[in-house]
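Please open the structure in your viewer and keep the selection panel at hand. The tour proceeds by selections, each followed by a description of what is found there.

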Amino acid sequence: MIRTRFAPSPTGYLHIGGVRTALFNWLLARQSGGQFILRIDDTDAGRNVNEAIEPILNGFRWLGLDWDEGPEVGGPHEPYYQSQRSARHQAAAEKLLASGHAYRDYATTEELQVQRDEAQSSGRSFVYDRRWMATDAESAAKFEAEGRSGVVRLKMPRNGQCVIEDLVRGEVCVDWSGEQDHVIQRADASCLYHLASVVDDHDLEITHIVRAEEHLPNTPRQIFILESLGYTRPIYAHLPYVAEPGGTAKLSKRKLAKYLKNKDFADLLSRGNHIASECNVTTDADTFNPVIVDFYREIGFTPHAILNYLLLLGWSLDGVTEKFTVDEMIKHFTLARVNRSPASFDPQKLLSVQGDTFAALSLEDRVAATLPFATRAGLVHESIPETMILLREVVEATGDRLKMAGDIVDYRYVFSDELSFDEAAFEKRVTGDEPARLLLADLADSLETCGSFDAPSVEAAVQSFCESKQVKLKQIVHALRIATTGVSNGFGMFETLAVIGKTRTVARIRQALVRVGSATS
RNA sequence: GGCCCCUUCGUCUAGCGGUUAGGACACCGCCCUUUCACGGCGGUAACACGGGUUCAAGUCCCGUAGGGGUCACCA
């Protein structure tokens, strides 16, 4: 039985790299019929834990990564908040003290820093000489009399090796002598992460610890703690981190300014900003960022696309298969095929996966996905049936031009007659093209007499108009598109006119011609 | 700086001793075409370097270089 966990701190956001770690954990649990547990590592957190975990839980819900035990759902090992398990941590600290695997220490931070700096400048690794270690109650009392306050430190082995069997990296060996006597409990009795984490993982019966590789250097001391406590070792797998776009350093929420120099990343964010602004959504600059999952939800990404992209970031089945349903992910995922080197986050590939995923959705699903965005952008109102019909027609006509649900905002011209013109294109195709303009005037009259106005009828009408005028379609179509939509690209011309409808099409053409007059006079 | 990890096209990767080093994204060209997108066809592009081992090395071993992670009374 496999039990995995993801243990976020209440930071208020869900990092894309964290999602990948969570996904792998989730997959492992699901494929074995085991459990995936969410534990909140709020050891050091202040008051607003609930507020800060909400975006994280929302992210998980949106992605469909359900947890078997944890916040909101509870479970047999409650509580799932580390801060509420402090009694267990303190008991463990006592036990380590009693067994001699830890000691009370009275060094000050400053005193230690001096030793640390010395070690570093002479090229050695720092090993505390235990100068302020209390050897018995008497020496502790003496230190306390000096006004020192004591913490509990691990009494690490000074020789031998720690061998970590890692499912991703193989065997990793570290000399114990390089490990520090880490503090596990503060003077106020509160316990630190490493102790808490080990105790909780044991209490929650976690079998596989799958986490990012930045935790690899922490592993020896965690192993020391758990073995000193008599726990059985979990199975470890340290995943390479997700690297920044175009780089090799760890992807970090804090380096947004740097990533903006990457064109693909900047384009993605600017696409997001455009959609958000069209939807009148005020974005939180702190979390509206392609490094954070919320960003994708806000602009209409498909959760499955995120999952599929992340699955392939550092893992592959055979180097060829790219598309996986969730069931296929569960069926095929193995830690053995996780790569050992960091994989850099590629906004273009993500976008491509998203586009394919969205295009593969049924028309109903795409309409449903775009509805919230169209509503927020003021394009449609659920109480006005005509706008709902229009939405469906637009989604159908746009086909795979819609890469994500938020892209619907680009078709405002279908819903609203207040066109926003691409002036350069208007100048070139309408104002500056007198023959086309004259034709447009006649075309408007001609279209007005059209019987039915579905796309094939419009096409037939425009074609026969062209024949009667002895012009090619392309001599008029550009001007027609800009006159009726304001922009120079979109889905099929005839579909566009059909969706807009006869009355509005004719009115828009005439309006555009008036616009030329007023601009030139 | 110490310790640890990593190294195949620009990016994600396949490869587990013998391959014309494969696929995907991106890019370029051609075709399709009323724009855009899609689609079709084609193309550019990689084994970090140096030693071994071997008949044979991207694949195994050892170095070097480069990159990265981590060194808290944070998690």
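The tour begins with the nucleic acid and then turns to two pairs of helices.

This is a predicted model, in which local features need pLDDT of at least 70, side-chain atom pairs count only at pLDDT 80 or more, and totals for chains, interfaces and linings use all residues. Residues are numbered from 1 along each chain as its sequence is written, chains are lettered from A and ligands numbered from 1 in the order in which they are written, and side-chain values use heavy atoms, with hydrogens and water left out.

**First selection: RNA strand B**

Select RNA strand B together with the residues near it, that is, those with a heavy atom within 4 Å of the strand. The strand is surrounded by 64 residues, and the closest are S9, R186, Y241, K349 and R401. By class, this surface has 21 nonpolar, 25 polar and 18 charged residues. Here Ala, Val, Leu, Ile, Met, Phe, Trp, Tyr, Cys and Pro count as nonpolar, Asp, Glu, Lys and Arg as charged, and the others, Gly among them, as polar.

Which parts of the strand lie within 4 Å of the protein? Of those atoms, 74% belong to sugar or phosphate, and the rest to bases.

Next, select three residues in turn.

- G319: a polar backbone atom of this residue is 3.1 Å from a base nitrogen of RNA strand B.
- E322: a polar side-chain atom lies 3.0 Å from a sugar or linking oxygen of the strand.
- S488: a polar backbone atom is 2.9 Å from a sugar or linking oxygen of the strand.

Among the elements that give two or more residues to this surface are α4 (109-121), α6 and α20 (477-485). Helices are DSSP runs of H or I with at least four residues, numbered from the N terminus.

**Second selection: α6 and α7**

Select residues 193-203 for helix α6 and 219-228 for helix α7; their axes come within 9 Å and cross at roughly 55°. Axes are lines fitted to C-alpha atoms, for helices over the stretch in contact, and angles run from 0 to 180 degrees between N-to-C directions. The two helices are therefore oblique to each other; angles under 35 degrees count as roughly parallel, over 145 as roughly antiparallel, 65 to 115 as roughly perpendicular and the rest as oblique.

Contact (heavy atoms within 4.5 Å) is made by Y193, H194, L195 and V198 of α6 with R221, Q222, I225 and L226 of α7.

**Third selection: α17 and α20**

Finally, select α17 (residues 423-431) with α20; these helices pack at about 130°, their axes 9 Å apart. The contact joins A425, F426, R429 and V430 of α17 to H478, A479 and I482 of α20.

Terms used: A polar contact is a pair of N or O atoms within 3.5 Å; within protein, one must be able to donate a hydrogen and the other to accept it, and residues adjacent in sequence count only if both atoms are side-chain atoms.
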